[in-house]
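Me: Could you take a close look at one buried position in this model and tell me what surrounds it? I would like the answer to work outward from that position to the helices around it.

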Amino acid sequence: MQTLKNTSQALARAVLGVAPQKFFGSLFLPGGHAPLLSRKRADMIISRVRMVAGLFAVLTPLWILVDALVFPWPVAGLLVAGRVVTTLAFALLAVSARPSGRLFDAYRALAFMFSIPTLFFIYSHPLLSHFSVAGPAAAIAAGYAFLPFVMVAGLSVFPLTASEGAVFAVPVLAAEAVIALMQLDMLNWASHLGAFWLLMLIATVAILAGMSQLSFMMSLIRQATHDGLTGCFARASGEELLEIQFHIAERSGAPLSLVFVDIDHFKQINDRFGHEAGDRVLAHAAQTMRAGLRTGDILLRWGGEEFLLILPNTDGATAASVVRRLREGGLGKRPDGSHVTASFGVAERAADGAAGWPQLVEIADQRMYLAKIGGRDRCVGRTEEQHAQQVQLA
Ligand SMILES: Nc1nc2c(ncn2[C@@H]2O[C@H](COP(=O)(O)OP(=O)(O)OP(=O)(O)O)[C@@H](O)[C@H]2O)c(=O)[nH]1
């Protein structure tokens, strides 16, 4: 049974290029899955929309020559007018779509892009059927009927989930169905049904291609944004996440806590047991911390043996209880069998009046330092800091 499972997994991996769980994980990826992924995906979609729109803004007017040469008047004139409008729409899209990091803008750009050829198809197809053309014009007109096939195949260019791909394919399929219904008296049922079936198959393959792009993109982003040793977010991507979370909290007025974590006497591990043993301790401590967090909490490696814990929608008191839970669970063991401990500094955006995320990090860092000088293996938050100040004054 296990062999069968392994073989089918290996087969699926060979076909899909990634583990099937990862591939199908991208099926219904919600927009807010990870703010970083959403941002990068939105920008990639918009830059591809710009590229495709720019390409068609150049290619569409070139085809005017073919229309003018092949079709009789007034069909040629009407087609040329349609192409001029189409060209202008593509050009407008190519210059106006700007990467904003927002998925909504990416969806809007995609919808605009797909609606241009769909409307041209709805406009041109009845036109060509109405004025019956013959000879080379008839051959070219028959080719124009394949425009919806090109459109659904174009879905494969974008890193989309299955549901997103389906949403963008449906209007094209609907346009094909409407056109077919309008012409039922002229052409036979079977050929329309066959064409529709083929269109659906191409849409399915294009959506699968878009999903595998998304899956590939997700693994590339993961590699680029995560620290190889600990699997936590790396500092650069972590700073981006901090900025996003800080703005979200500022806009909504929600609390946002930050915990600065620094492993105690880590240098001794390296010095006594070697760098590799130190690496193992670091990786294990990070893994233990991650396992103790809620989904939505973010752990990033700030550098060396320092970590930052971003806790959205969490006030200072709750953050302190999160730290208590982490400390109780332990951070693993040193090679000599003693417990790994750390010093923690907690800061909260509103309570500490931080003007920006760098200031919030600075406050948490200072409190972590207070925890170090207070004897290590402890947590210092706003209350403990105030208490220490009162003791100093007294
Ligand atoms: N093995 C390993 N060591 C690292 C890594 N990054 C940083 N270090 C080491 O971590 C040590 C940090 O030492 P210190 O900053 O003196 O801090 P500490 O020994 O933990 O002492 P306190 O923080 O004061 O408790 C240095 O020796 C670094 O070389 C890493 O990726 N792997």
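Reply: Leaving aside neighbours within four places in sequence, alanine 203 is in contact with Val152, Leu155, Ala169 and Leu173. The model is a predicted one, and alanine 203 is found in its helix 9, which covers residues 189–225. Alanine 203 counts as buried because 24 other C-beta atoms lie within 10 Å, where 20 or more are needed for that label. One of its partners, leucine 155, is 48 residues away along the chain, yet the C-alpha atoms of leucine 155 and alanine 203 are separated by 7.6 Å.

Two of the residues touching alanine 203, Val152 and Ala169, also take part in a contact between two other helices, in which Val152 belongs to helix 7 and Ala169 to helix 8. Helix 7 spans residues 147–154 and helix 8 spans residues 162–182, and the two pack at an angle of about 170 degrees with their axes 10 Å apart. Helix 7 is therefore roughly antiparallel to helix 8, since angles over 145 degrees are classed that way. On the side of helix 7 the contact is made by Pro148, Met151 and Val152, while helix 8 brings Ala169, Val172, Ala175 and Glu176. By character, the residues of this contact divide into 6 nonpolar, no polar and 1 charged.

The UniProt record, an unreviewed entry, lists residues 49–66, 72–95, 107–125, 137–158, 165–184 and 196–216 under "transmembrane region". For two of these spans the geometry can be set beside the annotation: residues 49–66 are 100% helix and 0% strand, with end C-alpha atoms 26 Å apart, and residues 107–125 are likewise 100% helix and 0% strand, with end C-alpha atoms that lie 27 Å apart.

Further along the chain comes helix 10, residues 235–252, whose 18 residues reach 25 Å from the first C-alpha to the last, close to the 26 Å expected at 1.5 Å a residue. Its buried residues are Ser237, Gly238, Leu241, Leu242, Ile244, Gln245, Phe246 and Ala249. Just after helix 10, glycine 253 takes a positive phi of about 75 degrees.

As for the chain as a whole, there are 15 helices and 5 strands, and 34% of the 394 residues count as buried, alanine 203 being one of the buried residues. Among contacts in the chain with a separation of 6 or more, 72% join residues 24 or more positions apart.

Key
Residues numbered from 1 in each chain as written. Predicted model: local features only at pLDDT ≥ 70, side-chain atom pairs only at ≥ 80, totals over all residues. Axes fitted to C-alpha atoms, helices over the stretch in contact; angles between N-to-C directions. Helix = DSSP H or I, 4+ residues; strand = E, 2+ residues; numbered from the N terminus. Parallel < 35°, antiparallel > 145°, perpendicular 65-115°, else oblique. Contact = placed C-beta atoms within 7 Å. Nonpolar A, V, L, I, M, F, W, Y, C, P; charged D, E, K, R; others polar. UniProt positions renumbered as here; feature names shortened; annotations may be inferred. Expected span 1.5 Å × (residues − 1). Buried ≥ 20, exposed ≤ 12 C-beta atoms within 10 Å, placed from the backbone.
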